[in-house]
Amino acid sequence: MTPFDIPSVPVSDEEAPNAEIVDLFKWLSSRADATSPNTPPQTGNASNVHYQAPRIRKRLRQARPTPLDTAVAHLATSLDKSRNAIERSNAFDAWRDAVRAVAKSPSAVAPEFRELLGLMLASTHKKDAVDLDEHTLAVLLDATTRLKSRPAAIDVNRVSAALRAVGARAVVPLSVDGLSDEVTRELEEIIEAAEHNRL
Amino acid sequence: MTREPFAVFDTDMQIHRFCEEPRVSAEAEKIRLRMKPVHSIGFSKVEFKGAYIQRLALLQSKVRDSDNIAEVFVRVKNSGGRREQMMLAQLIRFLGRESLRGDWAETKSILLTHLDAQIGEAWRWFSASVDGEVDEARCTRALEAPARSGAGWNVSIPDCRKQNTRCRVSALFKASVDELKRLVAAVDVAPESEITGELKQIASIARDVVATGAFGWEGRTCRSIGDLLIALEAKRCRVFVTSNGKEHILLSRAIDYPLDVFKHAELRLK
């Protein structure tokens, strides 16, 4: 293969939408420079020179951030003391939106994954960044990171204990003993609506 | 009798701490702080599993297996009852109805996320939320946490048999014969209006133990006389706190333990 041999590459945008556009002649020049700066490109000998279409796209694998990567980044921002309060609050809200979006996904099926998500969401329900100290945010950051790599029961137990240690409560009061009449009426409305397939 | 320095919360007191009604749960927490240190009884975890965790698992199973919210509520009512429907409605109220108005696949995922978390977390919370545990009976069933089973949960409470039980409940009853004799005597003289179905069952078991020296623990006996088992374990505590006055007023007189009855019904907002 000569320095001017061009490897077979996809030529259409459909095949490689993320590919970098490479100028053919610049590429050829750079290959020529790499081998023999003073040797001009060979011409006229078809067996040595291979041409492709003028626009060549190299396929690049660019890692796209997953929703959990985004969530981790938001929470890290929320913990960043060099940011102002509004930025940190917005970052925390963005983290919660990202985690809620993950919870909505039918692909979030592994029980331990759901448990961990549920613990984080329940412990931050109706809470703003100002309601949580840095220790709690650090626990949430650790929990979100654990979600990225198939959490096991041990991860759930550790996060549960860590949340308790920082005073964050992840249990939701669902007992129906001793409810007020007002709450009972509200629940009955919900049941009636649900039984008609609307909420 | 030398009393232990801690108070004991009955199972129902722990459940009151889970109550949505803020006056009830807030008051239960105040009592817990006022009476610190507070312990629970090991066997209470079995009662809690039956009264609360199993209900959550029912909801999780029906949500998982249904095609829309209406089907969930119908199946929950048929399999459980109104109470279980109310629990699911509580969860929906907590999350906000608007957040669950999307398509069923999303709603189902959100509900399952929270139900899965609550099944495990409620169990962990039960022991973590008190300062210690009394477990003279070394209840085997109380060690059996909710366990994941595929996409669902195993929250069964098996009948006790020799093959699956290593507890010391027989020893506890044998060591409590004097208390059981006083209990039988108290039930025999109590007005009929004070004798509930459970007290009758308790008295029957107590008579057997006094007569034979043996406690027939196999099967579900302990679950049918949970109040007595808990009372025997709590008898040396500083004070026993319960909202279940119906059985414990008589039990506390007979077995001799200080009692504080939590009148939660009076706290409900009208």
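# A guided tour of chains A and B

Begin in chain B by selecting Pro37(B), which sits in the loop between α2 (22-34) and β2 (38-41) of chain B. Keep in mind throughout that the model you have open is a predicted one. With Pro37(B) on the screen, add Lys36(B) to the selection and look at the peptide bond that joins the two residues, which is cis, with omega at about 0°.

Next, stay in chain B and move to Arg138(B), a residue in the loop between β3 (132-134) and β4 of chain B. Although Arg138(B) is not a glycine, its phi is positive, at about 50°.

Now select two helices of chain B, namely α3 (residues 44-65) and α6 (residues 104-128), whose axes come within 9 Å and cross at roughly 170°. How do these two helices run, parallel or antiparallel to each other? An angle over 145 degrees counts as roughly antiparallel, and α3(B) and α6(B) are therefore roughly antiparallel. If you show the side chains where the helices meet, you will find on α3(B) a set of residues including Phe48(B), Tyr52(B), Ile53(B) and Leu56(B), while the α6(B) side includes Trp104(B), Leu111(B), Leu115(B), Ile119(B) and Trp123(B). Sorted by class, the contact of α3(B) with α6(B) has 15 nonpolar, 4 polar and 5 charged residues.

Turn then to chain A and select helix α4 (residues 111-123) together with helix α6 (residues 153-165), where the axes again come within 9 Å but the crossing angle is roughly 15°. Because an angle under 35 degrees counts as roughly parallel, α4(A) is roughly parallel to α6(A). The crossing of α4(A) and α6(A) is left-handed. On the α4(A) side, colour Glu112(A), Glu115(A), Leu116(A), Leu119(A) and Ser123(A), and on the α6(A) side look for residues including Val156(A), Val159(A) and Leu163(A), which take part in the contact. By class, the contact of α4(A) with α6(A) holds 6 nonpolar, 2 polar and 3 charged residues.

For the next stop, show both chains at once and look at the place where they meet, with 46 residues of chain A in contact with 55 residues of chain B. The area buried between chain A and chain B is about 4900 Å², and carbon and sulfur atoms give 61% of it. Which residues of chain A lose the most area to chain B? They are Arg114(A), Leu174(A) and Leu199(A), which together make up 16% of what the chain A side buries.

Finish with the charged pairs, of which there are 8 salt bridges between chain A and chain B, while the structure holds 34 salt bridges over all chains. Select Glu115(A) and Arg148(B), whose side chains meet in a salt bridge at 2.1 Å, N to O; the pair crosses between chains, from helix α4 of chain A to strand β4 (residues 147-149) of chain B. Then select Arg114(A) once more and add Asp116(B), since these two form a salt bridge in which the closest N and O atoms are 2.6 Å apart.

Conventions: Residues numbered from 1 in each chain as written. Chains lettered and ligands numbered in written order. Predicted model: local features only at pLDDT ≥ 70, side-chain atom pairs only at ≥ 80, totals over all residues. Heavy atoms only, no water. Axes fitted to C-alpha atoms, helices over the stretch in contact; angles between N-to-C directions. Helix = DSSP H or I, 4+ residues; strand = E, 2+ residues; numbered from the N terminus. Parallel < 35°, antiparallel > 145°, perpendicular 65-115°, else oblique. Left-handed = near helix turned anticlockwise from the far one by under 90°. Contact = heavy atoms within 4.5 Å. Nonpolar A, V, L, I, M, F, W, Y, C, P; charged D, E, K, R; others polar. Buried area = accessible area lost by both parts, 1.4 Å probe. Salt bridge = Lys/Arg side-chain N within 4 Å of Asp/Glu carboxyl O.
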